[in-house]
Amino acid sequence: MSVLRMASWSYSEDFVGVPPLIDEAGREGAEMGAAPVKPAVGSALRLLAAAGQAKHVVEVGTGAGASGLWLLEGMSDTGILTTIDIEPGITNVARRTFRNAGIPSQRTRLINGDANDVLPRLTDAAYDLVFIDADIASYQHYVDQSIRLLRPGGVLLIDNMLYGDRVADPAIRDKATVLVRDLGKSLRDDERLQSTLLPVGDGLFSGIRQ
Ligand SMILES: C[S@@+](CC[C@H](N)C(=O)[O-])C[C@H]1O[C@@H](n2cnc3c(N)ncnc32)[C@H](O)[C@@H]1O
């Protein structure tokens with residue numbers, strides 16, 4: 001990649017500033033091992049939630065609440081974010097993040113649990129947007145559940161689909177990279193979705209449920 005191309009990429013990554021409370025949540029999450037979405041991913045989440053006037057959103061991988069705040073900023077004022085995280089300590093930090101940001105408690109449903117168990121309990125075709133940002137090993141399961149949860153026209157967003165620039169290099173064939181690479185290709189070819197792979201942050205797969 002040329003130096004100018006790199007500079008353009010870096011410029012667009014930082015093009016939209018990170019609101020201070022999201023920045024703070026991101027730093028807190030990173031300290032606890034829950035790395036937040038990159039700024040360009042966050043602003044894309046906000047944009048896509050706003051474009052669809054999303055009211056019912058599911059997030060897999062709450063972290064300290066950085067991506068949740070981006071989503072809430074874009075969602076309809078009465079929208080409800082259902083967000084799932086397996087770590088009770090992280091869930092408590094996210095609860096504080098949303099409170100400090102002045103988000104009314106009825107707008108967030110924080111579920112502490114394994115998303116593999118929680119997602120199957122959510123209602124079919126009831127959600128406008130699902131965002132996945134948790135453990136890579138379970139991505140296929142999350143995707144299967146997400147497609148069930150989305151209404152026609154709903155949006156599926158998945159972070160880390162370039163997996164630290166490993167996916168693009170066919171010589172890299174460790175288990176996690178192969179899993180992400182194969183998942184991306186199968187989603188691209190899935191007729192239930194109209195999709196693209198946005199090269200923001202660590203790669204944001206975006207698909208609309210047909
Ligand atoms: C990358 S962090 C999420 C960061 C968050 N989306 C943000 O931008 O602030 C991944 C999160 O997934 C959670 N996680 C990992 N495995 C999980 C599982 N099986 N079910 C639910 N959450 C899980 C971790 O506890 C961690 O908080």
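**Exercise 1. Find which residues come nearest to the ligand in this predicted model.**

Solution. Start with the shell: 22 residues sit around the ligand, and G61, S67, D85, A115 and D133 come nearest. Next, sort the shell by class: you get ten nonpolar, six polar and six charged residues.

**Exercise 2. Work out which atoms of G61, A115 and D114 lie close to a nitrogen atom of the ligand, using a cut-off of 3.5 Å for a pair of N or O atoms.**

Solution. Step one, take G61: a backbone N or O atom of this residue is 2.8 Å from a ligand nitrogen. Step two, try D114: here an N or O atom of the side chain is 3.0 Å from a nitrogen atom of the ligand. Step three, go to A115, where a backbone N or O atom is 2.9 Å from a ligand nitrogen. Now for the cover: on its own the ligand exposes 600 Å², and the protein buries 88% of that. Last, look at the elements: helix 4 (66–74) and helix 6 (115–118) are the ones that give two or more residues to the shell.

**Exercise 3. Describe how strand 6 and strand 7 are joined, and what happens in the turn.**

Solution. First, get the direction: strand 6 (residues 193–198) and strand 7 (residues 204–209) run antiparallel, with six bridges joining them. Then pick out a facing pair: Q194 in strand 6 stands opposite I208 in strand 7. Finally, check the link: the two strands form a hairpin with five residues between them. In that turn, G201 has a positive phi of about 50 degrees.

Technical notes
Residues numbered from 1 in each chain as written. Predicted model: local features only at pLDDT ≥ 70, side-chain atom pairs only at ≥ 80, totals over all residues. Heavy atoms only, no water. Near = heavy atom within 4 Å. Polar contact = N/O pair within 3.5 Å; in protein donor to acceptor, adjacent residues only side chain to side chain. Areas by Shrake-Rupley, 256 points an atom, 1.4 Å probe, with all protein chains shown as cover. Helix = DSSP H or I, 4+ residues; strand = E, 2+ residues; numbered from the N terminus. Nonpolar A, V, L, I, M, F, W, Y, C, P; charged D, E, K, R; others polar. Pairing = 2+ DSSP bridges.
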